[in-house]
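Please look over the sequence and the structure shown here before reading the report, which takes up the sheets, the helices and the core in turn.

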Amino acid sequence: MVKVHKITASPYAANAYLVEAERPVLVDVGIDPDFALNAIKRVIDPNSLEYIILTHCHYDHTAGTAQLAEQTNASVAIHQCDADLLDDIHATASSLFGACPPSIKPDMLLQGEEILDLGDLTLKVIHTPGHTLGGICLHGEDIQRTSSLRLLFSGDTIFSNGGIGRTDLPGGDPTALMNSIKLLTTLDIDAIYPGHGEAVYKNVNIHIEKSLKFAELNMLNK
Ligand SMILES: [Zn+2]
Ligand SMILES: [Zn+2]
């Protein structure tokens, strides 16, 4: 059965998720690659990590990527629009952390709609711009369970309790974010794994509807 392990260095850090499927993947990395590697080692052989999928280009999600990719041989995937911004100190929000942009060489450029086959799980890439130009969510279906479990890795597009990603950084767009969240309301989802804060396992649709309402207000206030 597919298991999801949350990897968070501190309550303020971005969440990374180790998805323990037949072919394991990591969704985002965080800032500290050693912390992520140690967490991965407790669950799987790091050499078996297939992909590191970045939900978007922001420093707090991506800074550890280059080192971790080297240590695990995983392929790095990110949406094309955010891949183009990986050297930009403002678009990656690196300036907010007083840091240089993360130097990442992606192996795989995503457009949206790709389906990654992880053996007992498929992950569909959904382009959800609004927080950044090339932000993505990943919609996972665990195909071996009798009642299939549907997961959403939501990056900084939505959080629990109606939270939404900020739209005031370069590439942010309140209307695009609202439309992206509207798209998420059309999906069947049993659990949400957001880029910050707690995962959601109950009343998932209520959480997403709250995020949509908040995004509509956010759009009207701009
Ligand atoms: Zn972000
Ligand atoms: Zn974030």
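The report below describes a predicted model.

## The sheet of six strands

The model holds an open sheet of 6 strands, which follow one another in the order β1-β2-β3-β4-β5-β6 with mixed pairing. Strand β1, residues 3–7, and strand β6, residues 108–110, stand at the edges and have a single partner strand each, so one side of each is left without a neighbour in the sheet. Direction ignored, neighbouring strands of this sheet are turned by 20° against each other on average.

One of the pairings in this sheet joins strand β3, residues 25–27, to strand β4, residues 51–53, in the parallel sense and over 3 bridges. Within that pairing, Val 27 has Ile 53 of β4 as its bridge partner.

## The sheet of five strands

An open sheet of 5 strands, also with mixed pairing, has the order β7-β8-β9-β10-β11. Its edge strands are β7, residues 115–117, and β11, residues 191–194, each of which pairs on one side only. In this sheet, neighbouring strands are turned against each other by 20° on average when direction is ignored.

Strand β7 runs antiparallel to strand β8, residues 121–127, and 3 bridges join the two. Here Ile 115 stands opposite Lys 124, which belongs to β8.

## Helix α1 and its neighbours

Helix α1, residues 33–41, packs with helix α3, residues 65–72, at an angle of about 35°, and the axes of the two helices are 9 Å apart. The crossing by which α1 passes α3 is right-handed. On the α1 side the contact involves Pro 33, Ala 36 and Leu 37, which meet Gln 67, Leu 68 and Gln 71 of α3. Sorted by character, the residues of this contact are 4 nonpolar, 2 polar and no charged.

Helix α1 also lies across three strands, namely β1, β2 (residues 16–20) and β3, and runs at about 25° to β2.

## The largest nonpolar core

In soluble globular proteins, nonpolar side chains tend to be buried together. The largest nonpolar core of this model has 57 residues, and those that touch the most other members are Val 25, Leu 26, Val 27 and Ile 52. Helix α5, residues 174–184, gives the most to this core, with 5 residues.

Which residues does Ile 52 touch, if those up to four places away in sequence are not counted? The contacts of Ile 52 are then with Leu 26, Val 29, Thr 65, Leu 68, Ala 69, Ala 74 and Val 76. Among these, Leu 68 also takes part in the contact of α3 with α1.

Methods
Residues numbered from 1 in each chain as written. Chains lettered and ligands numbered in written order. Predicted model: local features only at pLDDT ≥ 70, side-chain atom pairs only at ≥ 80, totals over all residues. Axes fitted to C-alpha atoms, helices over the stretch in contact; angles between N-to-C directions. Helix = DSSP H or I, 4+ residues; strand = E, 2+ residues; numbered from the N terminus. Left-handed = near helix turned anticlockwise from the far one by under 90°. Contact = placed C-beta atoms within 7 Å. Nonpolar A, V, L, I, M, F, W, Y, C, P; charged D, E, K, R; others polar. Pairing = 2+ DSSP bridges. Core = buried A, V, L, I, M, F, W, Y, C linked by C-beta atoms within 7 Å. Buried ≥ 20, exposed ≤ 12 C-beta atoms within 10 Å, placed from the backbone.
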